[in-house]
Amino acid sequence: MFLAQGFSQSNSDKYRDTVNDFAAKVADLDVTVVSAPPPTAVGVMIEEEYLPKLNCVSQVQLLSYMHSGISEDVVTIDLASALIQHNDEYIYFRTDHHWTQLGAYYAYTAFCEKAGLTAQPLSKFEQGQHDNFVGSMYYYLSDYPQSKILKDEPDTLYYYRPFVEIDTNYYMDATMDMAYGIGTISYVDEDTSNKYLCFLGGDHPVTIIETDVQGPVCMLIKESYGNAFAPWLTSHYSRVIVIDPREFNRDGKPSLDLATFAVEQGVDDCIILNYPM
(Lines give C-alpha, C1' and ligand atoms only; values in the text may rest on other atoms or scores of the structure.)
Protein backbone atom coordinates (compact mmCIF):
# COMPACT_ATOMS: atom_id res chain seq x y z
CA MET A 1 0.00 0.00 0.00
CA PHE A 2 1.25 3.48 -0.88
CA LEU A 3 -1.00 5.10 1.72
CA ALA A 4 1.85 6.04 4.01
CA GLN A 5 4.12 9.05 4.39
CA GLY A 6 2.75 12.38 3.30
CA PHE A 7 -0.76 11.05 2.69
CA SER A 8 -4.03 11.84 4.45
CA GLN A 9 -6.61 9.23 3.61
CA SER A 10 -9.31 11.10 5.54
CA ASN A 11 -8.76 14.32 3.58
CA SER A 12 -8.64 12.41 0.29
CA ASP A 13 -11.89 10.66 1.16
CA LYS A 14 -13.41 14.00 2.14
CA TYR A 15 -12.52 15.45 -1.26
CA ARG A 16 -14.10 12.46 -3.02
CA ASP A 17 -17.25 12.63 -0.90
CA THR A 18 -17.62 16.38 -1.42
CA VAL A 19 -17.34 16.05 -5.20
CA ASN A 20 -19.78 13.14 -5.22
CA ASP A 21 -22.26 15.09 -3.09
CA PHE A 22 -22.18 18.08 -5.41
CA ALA A 23 -22.50 15.87 -8.51
CA ALA A 24 -25.54 14.18 -7.00
CA LYS A 25 -27.22 17.55 -6.40
CA VAL A 26 -26.85 18.61 -10.05
CA ALA A 27 -27.22 15.16 -11.66
CA ASP A 28 -30.65 15.97 -13.12
CA LEU A 29 -29.79 19.54 -14.11
CA ASP A 30 -27.60 19.00 -17.19
CA VAL A 31 -24.46 20.16 -15.36
CA THR A 32 -21.32 18.21 -16.27
CA VAL A 33 -19.02 17.91 -13.25
CA VAL A 34 -15.30 17.49 -13.91
CA SER A 35 -12.71 16.61 -11.25
CA ALA A 36 -9.24 17.71 -12.34
CA PRO A 37 -6.92 18.06 -9.33
CA PRO A 38 -3.49 19.32 -10.42
CA PRO A 39 -0.32 17.87 -8.89
CA THR A 40 2.40 19.99 -7.36
CA ALA A 41 5.95 20.12 -8.67
CA VAL A 42 6.89 17.28 -6.31
CA GLY A 43 4.47 15.02 -8.14
CA VAL A 44 5.77 15.92 -11.59
CA MET A 45 9.41 17.01 -11.47
CA ILE A 46 10.89 14.50 -9.00
CA GLU A 47 11.49 10.83 -9.78
CA GLU A 48 9.50 8.50 -7.55
CA GLU A 49 12.57 6.82 -6.07
CA TYR A 50 13.43 10.07 -4.25
CA LEU A 51 9.96 10.69 -2.80
CA PRO A 52 10.42 8.70 0.46
CA LYS A 53 13.35 10.94 1.39
CA LEU A 54 10.98 13.91 1.08
CA ASN A 55 8.29 12.25 3.18
CA CYS A 56 6.05 12.22 0.11
CA VAL A 57 4.02 9.68 -1.79
CA SER A 58 3.52 9.44 -5.53
CA GLN A 59 0.94 12.03 -6.50
CA VAL A 60 0.00 9.91 -9.51
CA GLN A 61 -1.05 7.21 -7.04
CA LEU A 62 -2.55 9.74 -4.62
CA LEU A 63 -4.77 11.33 -7.27
CA SER A 64 -5.67 7.91 -8.63
CA TYR A 65 -6.81 6.91 -5.14
CA MET A 66 -8.90 10.07 -4.82
CA HIS A 67 -10.65 9.28 -8.09
CA SER A 68 -11.10 5.57 -7.39
CA GLY A 69 -14.29 6.21 -5.44
CA ILE A 70 -15.62 9.05 -7.56
CA SER A 71 -19.18 8.74 -8.83
CA GLU A 72 -19.69 7.66 -12.43
CA ASP A 73 -21.54 10.97 -12.84
CA VAL A 74 -18.20 12.80 -12.53
CA VAL A 75 -15.69 13.13 -15.37
CA THR A 76 -12.16 12.64 -14.02
CA ILE A 77 -8.93 13.89 -15.60
CA ASP A 78 -5.47 12.58 -14.78
CA LEU A 79 -3.50 15.84 -14.86
CA ALA A 80 -0.44 14.29 -13.19
CA SER A 81 0.25 11.95 -16.10
CA ALA A 82 -0.43 14.76 -18.59
CA LEU A 83 2.06 17.10 -16.91
CA ILE A 84 4.76 14.45 -16.42
CA GLN A 85 4.99 14.24 -20.21
CA HIS A 86 6.25 17.85 -20.14
CA ASN A 87 8.49 17.76 -17.06
CA ASP A 88 11.49 18.90 -19.09
CA GLU A 89 9.74 22.24 -19.67
CA TYR A 90 9.24 25.31 -17.46
CA ILE A 91 5.89 24.20 -16.03
CA TYR A 92 6.53 24.95 -12.33
CA PHE A 93 8.27 27.86 -10.70
CA ARG A 94 11.48 27.26 -8.79
CA THR A 95 10.87 29.89 -6.09
CA ASP A 96 7.08 29.58 -5.82
CA HIS A 97 4.67 26.71 -5.07
CA HIS A 98 2.45 27.35 -8.12
CA TRP A 99 2.62 26.00 -11.63
CA THR A 100 3.46 28.36 -14.47
CA GLN A 101 0.80 29.30 -16.98
CA LEU A 102 2.49 26.91 -19.39
CA GLY A 103 1.88 24.13 -16.88
CA ALA A 104 -1.75 25.23 -16.65
CA TYR A 105 -1.87 25.15 -20.47
CA TYR A 106 -0.98 21.47 -20.57
CA ALA A 107 -3.72 20.85 -17.99
CA TYR A 108 -6.08 22.79 -20.28
CA THR A 109 -5.15 20.63 -23.27
CA ALA A 110 -5.86 17.50 -21.20
CA PHE A 111 -9.24 18.97 -20.26
CA CYS A 112 -10.04 19.79 -23.87
CA GLU A 113 -9.19 16.26 -24.97
CA LYS A 114 -11.60 14.82 -22.38
CA ALA A 115 -14.29 17.42 -23.07
CA GLY A 116 -14.20 17.03 -26.85
CA LEU A 117 -12.92 20.58 -27.39
CA THR A 118 -10.11 21.72 -29.68
CA ALA A 119 -7.33 23.25 -27.59
CA GLN A 120 -6.11 26.54 -29.01
CA PRO A 121 -2.39 26.60 -29.93
CA LEU A 122 -0.05 28.77 -27.90
CA SER A 123 0.83 30.72 -31.05
CA LYS A 124 -2.62 32.38 -31.01
CA PHE A 125 -1.98 34.06 -27.66
CA GLU A 126 -0.02 37.24 -27.03
CA GLN A 127 2.82 36.40 -24.66
CA GLY A 128 4.33 38.70 -22.07
CA GLN A 129 6.60 38.28 -19.09
CA HIS A 130 7.55 39.58 -15.66
CA ASP A 131 11.18 39.17 -14.69
CA ASN A 132 12.74 38.72 -11.25
CA PHE A 133 9.82 36.89 -9.66
CA VAL A 134 10.79 35.50 -6.24
CA GLY A 135 7.80 33.64 -4.87
CA SER A 136 6.33 31.88 -1.88
CA MET A 137 8.99 29.21 -1.44
CA TYR A 138 11.59 31.89 -0.80
CA TYR A 139 9.37 33.61 1.78
CA TYR A 140 8.57 30.31 3.50
CA LEU A 141 12.32 29.71 3.87
CA SER A 142 13.51 33.28 4.36
CA ASP A 143 14.65 32.62 7.96
CA TYR A 144 17.15 30.06 6.69
CA PRO A 145 20.45 31.00 5.02
CA GLN A 146 19.78 28.51 2.21
CA SER A 147 16.94 30.74 0.99
CA LYS A 148 19.54 33.00 -0.63
CA ILE A 149 19.88 30.38 -3.36
CA LEU A 150 16.29 31.07 -4.39
CA LYS A 151 16.62 34.83 -4.18
CA ASP A 152 19.71 34.74 -6.37
CA GLU A 153 17.95 32.62 -9.01
CA PRO A 154 14.58 34.34 -9.55
CA ASP A 155 11.85 33.05 -11.82
CA THR A 156 10.47 34.62 -14.96
CA LEU A 157 6.69 34.66 -15.08
CA TYR A 158 5.39 34.23 -18.61
CA TYR A 159 1.73 34.97 -19.28
CA TYR A 160 -0.54 34.42 -22.28
CA ARG A 161 -3.29 36.95 -22.91
CA PRO A 162 -6.66 35.65 -24.24
CA PHE A 163 -7.35 36.61 -27.84
CA VAL A 164 -11.15 36.85 -27.44
CA GLU A 165 -12.98 39.95 -26.23
CA ILE A 166 -13.37 39.76 -22.46
CA ASP A 167 -14.74 41.72 -19.53
CA THR A 168 -13.61 40.51 -16.10
CA ASN A 169 -15.02 41.49 -12.71
CA TYR A 170 -14.77 40.11 -9.21
CA TYR A 171 -17.36 40.14 -6.43
CA MET A 172 -17.16 39.84 -2.66
CA ASP A 173 -20.07 37.37 -2.40
CA ALA A 174 -22.54 35.41 -4.52
CA THR A 175 -25.14 38.21 -4.57
CA MET A 176 -22.81 40.02 -7.00
CA ASP A 177 -24.21 43.39 -5.97
CA MET A 178 -20.95 45.25 -6.50
CA ALA A 179 -18.53 44.60 -9.37
CA TYR A 180 -14.82 45.37 -9.22
CA GLY A 181 -13.15 45.46 -12.62
CA ILE A 182 -9.92 43.53 -13.08
CA GLY A 183 -8.05 41.96 -15.95
CA THR A 184 -8.08 38.25 -16.71
CA ILE A 185 -4.38 38.95 -17.09
CA SER A 186 -4.03 41.83 -14.65
CA TYR A 187 -1.44 44.56 -14.53
CA VAL A 188 1.27 43.88 -11.97
CA ASP A 189 3.78 46.55 -11.10
CA GLU A 190 7.36 45.41 -11.46
CA ASP A 191 7.92 46.30 -7.80
CA THR A 192 5.20 43.84 -6.74
CA SER A 193 6.89 40.80 -5.24
CA ASN A 194 4.04 38.35 -5.88
CA LYS A 195 3.81 38.53 -9.64
CA TYR A 196 1.47 35.52 -9.69
CA LEU A 197 -1.18 38.15 -8.88
CA CYS A 198 -1.27 38.93 -12.60
CA PHE A 199 -3.64 35.97 -12.98
CA LEU A 200 -7.16 37.28 -12.18
CA GLY A 201 -5.63 39.81 -9.81
CA GLY A 202 -5.30 37.09 -7.15
CA ASP A 203 -7.92 35.19 -5.17
CA HIS A 204 -11.48 36.52 -4.94
CA PRO A 205 -14.75 34.94 -3.77
CA VAL A 206 -16.36 35.18 -7.22
CA THR A 207 -14.78 36.21 -10.50
CA ILE A 208 -16.76 36.33 -13.74
CA ILE A 209 -15.16 36.52 -17.16
CA GLU A 210 -17.59 37.51 -19.92
CA THR A 211 -16.41 36.74 -23.46
CA ASP A 212 -17.69 37.25 -27.00
CA VAL A 213 -17.63 33.48 -27.60
CA GLN A 214 -20.96 31.93 -28.54
CA GLY A 215 -20.59 29.01 -26.21
CA PRO A 216 -21.74 27.38 -22.97
CA VAL A 217 -21.17 28.59 -19.40
CA CYS A 218 -18.39 27.17 -17.25
CA MET A 219 -17.90 27.30 -13.48
CA LEU A 220 -14.41 26.73 -12.10
CA ILE A 221 -14.13 25.75 -8.42
CA LYS A 222 -10.54 26.46 -7.50
CA GLU A 223 -7.79 27.58 -5.20
CA SER A 224 -4.89 29.69 -6.47
CA TYR A 225 -3.70 27.10 -9.03
CA GLY A 226 -6.93 27.85 -10.87
CA ASN A 227 -5.99 31.49 -11.39
CA ALA A 228 -3.48 30.58 -14.10
CA PHE A 229 -5.88 28.00 -15.56
CA ALA A 230 -8.99 30.14 -15.93
CA PRO A 231 -7.73 32.36 -18.81
CA TRP A 232 -7.37 29.31 -21.08
CA LEU A 233 -11.10 28.58 -20.77
CA THR A 234 -12.04 31.89 -22.38
CA SER A 235 -11.56 30.43 -25.87
CA HIS A 236 -14.53 28.08 -25.42
CA TYR A 237 -17.09 29.59 -23.03
CA SER A 238 -19.34 32.64 -23.13
CA ARG A 239 -18.91 33.01 -19.36
CA VAL A 240 -16.31 31.61 -17.01
CA ILE A 241 -17.46 31.83 -13.39
CA VAL A 242 -14.60 31.33 -10.95
CA ILE A 243 -15.42 30.39 -7.35
CA ASP A 244 -12.89 30.25 -4.52
CA PRO A 245 -14.59 28.01 -1.92
CA ARG A 246 -12.20 29.17 0.80
CA GLU A 247 -14.11 32.46 0.77
CA PHE A 248 -17.50 30.95 1.69
CA ASN A 249 -19.29 29.03 4.46
CA ARG A 250 -16.70 29.67 7.17
CA ASP A 251 -16.65 31.96 10.19
CA GLY A 252 -16.91 35.55 9.04
CA LYS A 253 -17.48 34.54 5.40
CA PRO A 254 -20.65 34.78 3.31
CA SER A 255 -22.73 31.67 2.62
CA LEU A 256 -23.10 29.92 -0.72
CA ASP A 257 -25.22 26.98 -1.86
CA LEU A 258 -23.10 25.92 -4.82
CA ALA A 259 -25.66 23.70 -6.55
CA THR A 260 -28.36 26.39 -6.39
CA PHE A 261 -25.90 29.02 -7.60
CA ALA A 262 -24.86 26.82 -10.54
CA VAL A 263 -28.48 26.46 -11.63
CA GLU A 264 -29.19 30.18 -11.23
CA GLN A 265 -26.18 31.03 -13.38
CA GLY A 266 -27.04 28.54 -16.13
CA VAL A 267 -23.83 26.57 -15.69
CA ASP A 268 -23.19 23.82 -18.23
CA ASP A 269 -19.77 22.57 -17.11
CA CYS A 270 -18.31 22.67 -13.61
CA ILE A 271 -14.58 22.04 -13.26
CA ILE A 272 -13.22 21.30 -9.78
CA LEU A 273 -9.52 22.07 -9.68
CA ASN A 274 -7.94 21.69 -6.24
CA TYR A 275 -4.27 20.87 -5.74
CA PRO A 276 -3.29 18.15 -3.22
CA MET A 277 -1.92 20.35 -0.44
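Me: Why is the sulfur of Cys-112 not bonded to the closest cysteine sulfur, in Cys-218?
Reply: Happy to explain! The sulfur of Cys-112 lies 10 Å from the one in Cys-218, too far for a bond; a disulfide is a pair of cysteine sulfur atoms within 2.5 Å. Cys-218 has its closest cysteine sulfur in Cys-270, at 7.5 Å, which is also too far for a bond. The structure holds 0 disulfides. Keep in mind that this is a predicted model, where local features need pLDDT of at least 70, side-chain atom pairs count only at pLDDT 80 or more, and totals for chains, interfaces and linings use all residues. Residues are numbered from 1 along each chain as its sequence is written, and side-chain values use heavy atoms, leaving out hydrogens and water.

Me: What makes Cys-112 count as buried or exposed?
Reply: Buried means under 20% relative accessible area, exposed over 50%, and partly exposed in between (1.4 Å probe, protein chains only). Cys-112 is at 1%, so Cys-112 counts as buried.

Me: Why is the pair of Tyr-170 and Tyr-180 called stacked?
Reply: Rings of Phe, Tyr and Trp (its six-membered ring) pair if their centres lie within 6.5 Å; planes under 30 degrees apart count as stacked, over 60 as edge-to-face and the rest as tilted. Here the centres are 5.1 Å apart and the planes at 20°, so the pair is stacked.

Me: How do you know whether Tyr-180 is buried or partly exposed?
Reply: Tyr-180 has 34% relative accessibility, so Tyr-180 counts as partly exposed. Its partner Tyr-170, at 18%, is buried.
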